[in-house]
Amino acid sequence: MAKITLDNLAHSYLTNPSGEADYALKELNHVWSDGEAYALLGASGCGKSTLLNIISGLLHPSKGRILFDDVDMTEASTADRNIAQVFQFPVVYDTMTVRDNLAFPLKNRGESPQYIAERVQQIGKMIGMEAQLDKRARGLTADAKQKISLGRGMVREDVNALLFDEPLTVIDPHMKWELRTQLKSLHNEFGHTMIYVTHDQTEALTFADKVVVMYDGRVVQIGTPQELFERPEHTFVGYFIGSPGMNVIPAAVEGMTASVHGAEIALREAFEPLRGKVEIGVRPEFVTLTDGNGLPVNVRRVEDVGRHRIVRADLFGNEINIVASEDTHISPEMTRVTFDPTHVNVYVDDWRQAGKAA
Amino acid sequence: MALELKNVSKVVGGQTHIHPTDLTLSKGTMNVLLGPTLSGKTSLMRLMAGLDKPTTGQIFWNGEDVTGTRVQDREVAMVYQQFINYPTMTVYDNIASPLRILGKSRQEIDAAVRKAADLMQLGPMLDRKPLELSGGQQQRCALARALVKDAGLVLLDEPLANLDYKLREELRVEIPKIFEEAGSIFVYATTEPEEALLLGGATATLWEGRVTQFGATPTVYRQPVDATTARVFSDPPMNFLSVSKMGAKVMFGDGQSVPAVGPLEPLPDGRYLAGFRPNHVEIISHSAGAMVFDTTLMVTELNGSETFVHLDHHGERWVGLIHGVHDLELGAPLKVYLDPRHVYIFGEDGKLVAPASYALAA
Amino acid sequence: MDKTVNHKAWFLVLPVLVLVAFSAVIPLMTVVNYSVQDTFGNNEFFWAGTEWFRDMLRDDRMWDALGRQLMFSAIILLIQIPLGVFIALNMPKKGFWVSFCLVVMSLPLLIPWNVVGTIWQIFGRVDIGLLGYTLAAIGIDYNYTSDPVAAWITIIVMDVWHWTSLVALLAYAGLKSIPDAYYQAAKIDQASRWNVFRYIELPKMMGVLMIAVLLRFMDSFMIYTEPFVVTGGGPGSTTTMLSIDLVKMALGQFDLGPAAAFSIMYFLVILLISWVFYTVMTNLDRQEG
């Protein structure tokens, strides 16, 4: 278990980087608390795997330092950092049995056979593979192999951090549930520092205590799933989290109202007149379709997703999505929408602007 | 224009990959094949395309028997999970290739390629090679190549599975648009129920090589004919509970009971399997006559706007999807409520006996 | 996969079938024909049945040659396979030197076989050969024309020089297909270099190595040109391998009958061993899947 500190960390894959654009990972200064579960969330190419590999020691950063519990580990080898990593596709030693696979890291360290046997039994039970401990790893299914990878990572008691690089990619959706909940219960029970890289927001939000949203090599926001959902600091966070993502509409903002093509929207805070690219953001869950007063919209499609419905509409030429619950009755007379003022955020040049409380 | 499968089955080396199936797909429809991995989706698609010959049965295209015809002679286009493009040709040539084989004129090819490229937002990339594009763009190129052919039957085998979550969402919105433009028969295979619901049209649920149900997507979702279909068409998976009906009451768990109302009333006494979807589990009782369960909370997962609760009910694992973010104590007992209107009743053999009444009303 | 039947394909294969028939099947049938007949010359043949086969099985000379051949093949395999793997493990996987190494490794494979024999024949000569001269200068008594041990060592070293590259290149191809993640996981697991080899590299190379072993076995079992050019089968008959013996019999003594019988048996032995290898390989494949 360790606290991980990133000190002015940056990385470029080029030998002579000239500008910011050459850096895959732009300057990062963060502290990740001991024992917490973090998710690194972002699209492909945003730098999350780069960051993970720097933490595990598989990649040496071009600039800056990384510290474990305030000890500089930038030059330390992967073995010395005492971390465990689970990769995108299962990495198991095919010729060994499940038991030997799990025992491998401990054997390499020279632990006593008795301790190894005990620990393997414990971990085998934890990943739910006690019955298969003596089977050859080769013939098992993808999710069983991934569980073995996971078990092998956890078998060392003093591991500093558990790193996961999109581990559920090869897993069937039905099994994804099981493995996700297992990871969560493991975290609850053992309290390791866990860092989970993914592009799947559901995985990130359900797994982590805090989610680190990355975009173009930068950390855009760190927060609890709820914070990211209700107060996205950047329009990218609003877009990336939530299915569908946040509606972003250009508007003019003054005082406590925002106006879109003359129509007025109430805000919860007061703002000075704003300059630059001004937009308001509101999540589809906080938009209501109504036949009463509101902003006029053209409804184009209503999609039934089972547990709720997604209404795709047009607001003054801007695409807008509305999430309506299963029981809501939608009639053709509903051609207006209202926004919940407590959940409307104001963005200037993509960053959230805080106003003054009224 | 219609595709008909009559008694089609596929047996390979003693193993039945597809059980005898009858299926009719009409012109201009979007058909989704929904099922877990290895349930037979790809095998069925290969049979439809003509890449494999069925062991029994016949396939009719527009009334004509095409069972023995080679795939090159049928009007079929196929898009795969791995973005398959000719790596040495530019995007333009990739999209143009099926038209060149058909022998169309230069102007026709140019017009068609540009139209497909614009539809897939590949206009500026036409002279790049596929490997220079991102994953999403490569798949768009494969899609454009499938569309430009104007084939009567377009098959898509989990085309979005290898893409990032958000990219998948975006392309999923575009696919119905291109489908409307094309007017052909679309068949789309996927493992995710949500995709089936978003694409609409008709859905065929597959389980272990069998088509368990085929019909309009909302109907298959709301009125599954058996427990297997309900299980396949649920994400998170549907929860099940053994109940027994005795007279005017339905007994479950440890001697608890609720009055047998609505569709439960006319049922004969006996043992049944009750199924209910996670999003209908509640932690506050909203209706009188709701069924109460004493469960233990094992794990919670927060989604930002919803909470997944993983419960233990007398050894059975249930999942609930609760609206809002709740901070609940793990390991503590938790009472959950279920409105009987949301309960599906299946017989012990799995067949649907009484659909959830809310589904009938919708 | 069940491809739909395409009859046109048969026409494309026909020319190949005709060629194979002429160059392989018919000559093979001729040999079978000879093996069951006897002649006193003048193109007169009469039926001999299995007489030649029985003679061959009783022939000491043949058994000696077989023994020598098996020992040769065994030594070759024991040296070339581990050496090839070792070289492959140490060849660079990325960067400029990759192409350079691959080209250098391929060079011995490109030399015509009798040229290889000639090179080593001259190389080993005490008077004008670099190796022979140097060894004599150090004081080692080396003469491959009169000393059986020296002759054996010479042809073995020659074969190793000639063919190890094949094993190395095949093993290298197998190694390159191992995804990086396995090595990374091994680092994280703090595995030793030996463990990485034993548990990651070797299992993943197994398929390719089987092919290498099969090829090397077949080739070494049938070897003719190189040892013949260097030693001619001598001194005496100490380096007379099976094929050399066979040629002596067939062309030297013109004993067509016994030679034909010998050929058939030779062919069957190779077929048998190759079949065994093939079965082992496909079993491995099935386990993998």
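**Aromatic pairs and charges over rings**

Guide: In this predicted model, there are 33 aromatic pairs over all chains. One of them joins Tyr215(A) and Phe236(A).

Visitor: Why is the pair of Tyr215(A) and Phe236(A) called stacked?

Guide: The planes are 25 degrees apart, and under 30 degrees counts as stacked. The centres lie 4.3 Å apart, so the pair also meets the 6.5 Å limit.

Visitor: Where in chain A do the two rings sit?

Guide: Tyr215(A) belongs to strand β9 (residues 210–215) and Phe236(A) to helix α9 (residues 235–240), 21 residues apart.

Visitor: Are Tyr215(A) and Phe236(A) buried or exposed?

Guide: Phe236(A) has a relative accessible area of 10%; that is under 20%, so Phe236(A) is buried. Tyr215(A), at 42%, falls between 20% and 50%, so the label is partly exposed.

Visitor: What makes Phe276(B) and Trp318(B) an edge-to-face pair?

Guide: Their planes stand at 90 degrees, which is over 60, so edge-to-face it is. Their centres are 5.0 Å apart.

Visitor: Which parts of chain B does that pair tie together?

Guide: Strand β14 (residues 270–276) holds Phe276(B) and strand β18 (residues 316–323) holds Trp318(B), 42 residues apart in sequence.

Visitor: How do you know that Trp318(B) is buried?

Guide: Its relative accessibility is 2%, under the 20% cut-off, so Trp318(B) counts as buried. Phe276(B) is buried too, with 2%.

Visitor: What sits over the ring of Tyr239(A)?

Guide: The charged end of Lys166(B), 5.1 Å from the ring centre. In chain B, the charged end of Lys6(B) sits over the ring of Phe60(B), at 4.5 Å from its centre.

Notes
Residues numbered from 1 in each chain as written. Chains lettered and ligands numbered in written order. Predicted model: local features only at pLDDT ≥ 70, side-chain atom pairs only at ≥ 80, totals over all residues. Heavy atoms only, no water. Phe/Tyr/Trp six-rings, centres within 6.5 Å; stacked < 30°, edge-to-face > 60°. Helix = DSSP H or I, 4+ residues; strand = E, 2+ residues; numbered from the N terminus. Buried < 20%, exposed > 50% of the residue type's maximum accessible area, 1.4 Å probe, protein only. Lys NZ or Arg CZ within 6 Å of the ring centre and 35° of its normal.
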